[in-house]
Amino acid sequence: MTKWTASDIVDQSGRTFVVTGANSGLGEVAARALGQAGAHVVLACRNTHKGEVVARSIGDNAEVRRLDLSDLASVREFAAGIDAVDVLVNNAGVMAVPQRTTADGFEMQIGTNHLGHFALTGLLLGKITDRVATMSSAVHQAGTIHLDDLNWEHRKYNRWSAYGQSKLANLLFTYELQRRLAAAKSPVKAVAAHPGYASTNLQAHTESVQDKLLAVGNRIFAQSAEMGALPMLYAATAPDVIGGSYIGPDGLFEQRGHPKVVGSNKKSRDEQTAGALWSLSENLTGVEYKFG
């Protein structure tokens, strides 16, 4: 895995990838790289206009379909329109936004980053042939799952704590999905990745003074979106990735560098919490997973 780059992606001809949030940032970079490797790429975007611009730059092997992860009706409509997919890349997300709710009444960050992807994965699972790759973050380290108040209805809202909870949920989901797939003897595997500190427009949507501070950090400390997308690209395409793997940068504090298998915190490995979050997520979304 040493110094793996996008040029090392094996030929993806004949394979279909669904990439959420592929109209900008890491999703755009990943979609371009997958397209260049020969894959048919479905850009699953809320902003289809921006998605069409990206798709045209990739070529005839790219298409755009509308998906709003903050609206379960949109998730269901999108999933119903997909016939088959080899790899689902759960990339889209929001970060540190002000308190607001999704169309279904969920806190925006847990609703978009976790529940939307949970529903999408469950609805597509029977159509996926290879793997589910989900984007987490090093900020999962600061997260805590509040099963009794997942949607911040009874606590004072903290945007960064809410983001950390959603990213921890991404890992709990990935590891629990892998356990359930393995138990069902499914050939599909679940993996996760994080980009380190990558410069994208994600940092420009906190709708606060933090946007300016994060912009400075992007210029001084962050690696490029092209580098930040590598862990996800590796997780989504490398033939030797083991189910349940978590891929991140190999540099100091996993902030930058090339892909490698990394660790995650004790909370992310708590099987009891993972099982409870799974049940809660099925109840909230109305999506019940079927294995086998």
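The following exercises, each with a worked solution, lead through a predicted model of one protein chain.

Residues are numbered from 1 along each chain as its sequence is written. Because the model is predicted, local features need pLDDT of at least 70 and side-chain atom pairs count only at pLDDT 80 or more, while totals for chains, interfaces and linings use all residues, and side-chain values use heavy atoms, with hydrogens and water left out.

**Exercise 1. The chain as a whole**

Task: Find how many helices and strands the protein chain has, and state how its radius of gyration compares with the globule rule.

Solution: Start with the secondary structure, where helices (H or I, at least four residues) and strands (E, at least two) are DSSP runs numbered from the N terminus; the protein chain has nine helices and eight strands. Next, take the radius of gyration, calculated over C-alpha atoms, and set it against the globule rule, which is 2.2 Å times the number of residues to the power 0.38. The radius of gyration is 17 Å, close to the 19 Å that the rule gives for 292 residues, so the chain is as compact as a globular protein of that length. Along its principal axes, the C-alpha trace spans about 50 × 50 × 35 Å.

Then turn to burial, for which buried means under 20% relative accessible area, exposed over 50%, and partly exposed in between (1.4 Å probe, protein chains only); buried residues make up 57% of the 292 residues. Finally, consider contacts, meaning heavy atoms within 4.5 Å: of those with a separation of 6 or more, 72% are between residues 24 or more positions apart.

**Exercise 2. The cavity**

Task: Determine which residues line the largest cavity and which element gives the largest share of that lining.

Solution: The search uses a 1 Å grid over the protein atoms alone, on which a cavity is a set of points where a 1.4 Å probe fits but cannot get out, whereas a pocket is an open set with protein on both sides within 12 Å along at least five of seven lines; lining residues have an atom within 4 Å of a point. Grid points are joined across faces, edges and corners, and a volume is the space filled by probe spheres set on the points.

The structure holds one cavity of 30 Å³ or more, and about 30 Å³ of space lies in the largest cavity. Its lining consists of His-114, Phe-118, Leu-172, Phe-173, Ala-274, Leu-277, Trp-278 and Ser-281. Two or more of these residues come from each of α4 (108-124), α5 (159-183) and α9 (271-285), and α9 supplies the largest share, four residues.

To sort the lining by class, count Ala, Val, Leu, Ile, Met, Phe, Trp, Tyr, Cys and Pro as nonpolar, Asp, Glu, Lys and Arg as charged, and the others, Gly among them, as polar; the result is six nonpolar, two polar and no charged residues.

**Exercise 3. The second largest pocket**

Task: Give the volume of the second largest pocket and the classes of its lining residues.

Solution: The volume of the second largest pocket is about 160 Å³, and its lining includes Ala-6, Ile-9, Arg-32, Glu-226 and Leu-233. The elements that give two or more residues to this lining are α1 (25-36) and α8 (230-237), with α1 giving the most, four residues. By class, the lining has seven nonpolar, one polar and two charged residues.

**Exercise 4. Two buried residues**

Task: Place Ile-82 and Ala-236 in the chain, and list what each of them touches beyond its sequence neighbours.

Solution: Ile-82 is in the loop between α3 (72-80) and β4 (85-90), and its relative accessible area of 4% makes it buried. Apart from neighbours within four places in sequence, Ile-82 contacts Val-18, Val-42, Arg-65, Leu-124 and Lys-127; the C-alpha atoms of Ile-82 and Val-42, 40 residues apart along the chain, are separated by 9.4 Å.

Ala-236 belongs to helix α8 and is buried, with a relative accessible area of 1%. Not counting residues up to four places away in sequence, Ala-236 touches Arg-15, Phe-17, Val-87, Val-89, Arg-131 and Ala-133.

**Exercise 5. Positive phi**

Task: Decide whether Trp-152 is buried or exposed, and do likewise for Phe-253.

Solution: Most residues other than glycine have a negative phi. Trp-152, however, has a positive phi of about 55 degrees, and so has Phe-253, with a value of about 55 degrees. Trp-152 is in the loop between β5 (128-135) and α5 and, at 6% relative accessibility, counts as buried. Phe-253 is in the loop between β7 (246-249) and β8 (259-261) and is exposed, with a relative accessible area of 68%.
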